[in-house]
Amino acid sequence: VYRPPPEAPGGGAKPPGGSVLIFSTPPTPNGDLHLGHLSGPYLAADVLRRALVGAGRTAVHVTGRDDHQTYVALKGRRDGRTETEVADRHAGEILSTLRGCGVTLDGFIEPARTGGYAEFVRDGVRRLFSDGHVYASARPAAFSKDGRYLHEAHLRGRCPHCREESDGNACEACGRPNSCVDLLDPRDRLTGEPV
């Protein structure tokens, strides 16, 4: 888990004891990895794992596939395929690219196939809800002319902060989040129609 090590006496960083779990952000299986994806979380995690193992520590690197990302659904709609078909095809490409670049994975979570995963997630959400960390609330939302809820990949407009083109939730140009409904000149990503 990425975290800064505790400070050791004398100001230097002291490595934490015990085993280390390195969990890279799951890639979105709507295409193969590009150089930015590869060099960001995956190569960095692999370097960390190798350094820890080289120092005699136990370290495992795990990631998975983010099958339920809106970019997977959008790609499926555009290509006339199911989300599962899109995710299966591109997860294979992603794994091949990681292996081809020498990235070692000790585990790869596939939400629909990894036993117990769905219940693990449900249990975590239930606990967050029961502890009051997650709660229901009403907020404005964007909808297409035919009534589809538009968020994240399903919505395109201009960032309210830097005015560059942006999808809903986050702007890749400036990195700032948005709440989808504050995009300027929003349009349905699938049809191009104004929201």
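Which residue takes a positive phi in the hairpin of β6 and β7, and how many residues lie between the strands? In this predicted model, the hairpin has six residues between its two strands, and Arg163 is the residue with a positive phi, near 75°. The sheet to which these strands belong is described before the helices and the salt bridges.

β6 and β7 belong to an open sheet of three strands, arranged in the order β7-β6-β8 with antiparallel pairing. Because β7 (165-167) and β8 (184-188) stand at the edges and have a single partner strand each, one side of each of them is left without a neighbour in the sheet. On average, and with direction ignored, neighbouring strands of this sheet are turned by 25° against each other.

The pairing can be followed from β6, which comprises residues 155-158 and is joined to β8 by three bridges in the antiparallel sense. Three bridges also connect β6 with β7, and here too the pairing is antiparallel. Within these pairings, Arg158 stands opposite Leu184 in β8 and opposite Glu165 in β7, while the bridge partner of Arg156 in β8 is Arg187. The two faces of β6 can also be told apart, since a covered face carries Leu155 and Gly157, whereas Arg156 and Arg158 lie on the uncovered one.

Strand β8 also takes part in a contact between charged side chains. Arg148 and Asp188 meet in a salt bridge with an N to O distance of 2.4 Å. This pair links distant parts of the chain, given that Arg148 lies in the loop between β4 (142-143) and β5 (149-150) and Asp188 in strand β8, 40 residues apart. Both Arg148 and Asp188 are buried.

Across the whole structure, a search finds 21 salt bridges. In general, side chains of opposite charge can pair when their charged atoms come close. Two of the salt bridges described here involve Arg65: the side chain of this residue meets that of Asp67 at 2.7 Å, N to O, and a salt bridge is also formed between Arg65 and Glu110, with the closest N and O atoms 3.1 Å apart. The pair of Glu110 and Arg65 links distant parts of the chain, with Glu110 in the loop between β3 (107-109) and α4 (117-130), Arg65 in the loop between β2 and α2 (70-79), and their positions 45 residues apart. The three residues differ in how far they are covered. Arg65 has a relative accessible area of 6% and is therefore buried, and Asp67, at 10% relative accessibility, likewise counts as buried. Glu110, by contrast, has a relative accessible area of 25% and is therefore partly exposed. Through shared partners, salt bridges join Arg65, Asp67, Asp88, Glu110 and Arg113 into one network.

The helix α2 contributes a set of buried residues, namely Thr70, Val72, Ala73, Leu74 and Gly76. These buried residues of α2 pack against α3, which spans residues 83-100. After α2 comes Gly80, a residue whose phi is positive, near 70°.

Helix α3 contains His90, which counts as buried because its relative accessibility is 4%, a value under the 20% limit. When residues up to four places away in sequence are not counted, His90 touches Pro29, Asn30, Gly31, Asp32, Lys75 and Arg81.

A further feature is found on the surface, where Leu21, Phe23 and Val60 make a nonpolar patch of about 220 Å². Of these residues, Val60 is found in strand β2, which comprises residues 59-64. With a relative accessibility of 32%, Val60 counts as partly exposed.

Conventions: Residues are numbered from 1 along each chain as its sequence is written. This is a predicted model: local features need pLDDT of at least 70, side-chain atom pairs count only at pLDDT 80 or more; totals for chains, interfaces and linings use all residues. Side-chain values use heavy atoms; hydrogens and water are left out. Two strands pair if DSSP finds at least two bridges between them. Helices (H or I, at least four residues) and strands (E, at least two) are DSSP runs, numbered from the N terminus. Axes are lines fitted to C-alpha atoms, for helices over the stretch in contact, and angles run from 0 to 180 degrees between N-to-C directions. Patches are made of residues with over 30% relative accessible area and no salt bridge: like charges are joined within 9 Å, nonpolar side chains (Val, Leu, Ile, Met, Phe, Trp, Tyr) within 5 Å. Accessible areas come from the Shrake-Rupley method with a 1.4 Å probe; for residues, only the protein chains shown count as cover. A salt bridge is a side-chain nitrogen of Lys or Arg within 4 Å of a carboxyl oxygen of Asp or Glu. Buried means under 20% relative accessible area, exposed over 50%, partly exposed in between (1.4 Å probe, protein chains only). Contact means heavy atoms within 4.5 Å.
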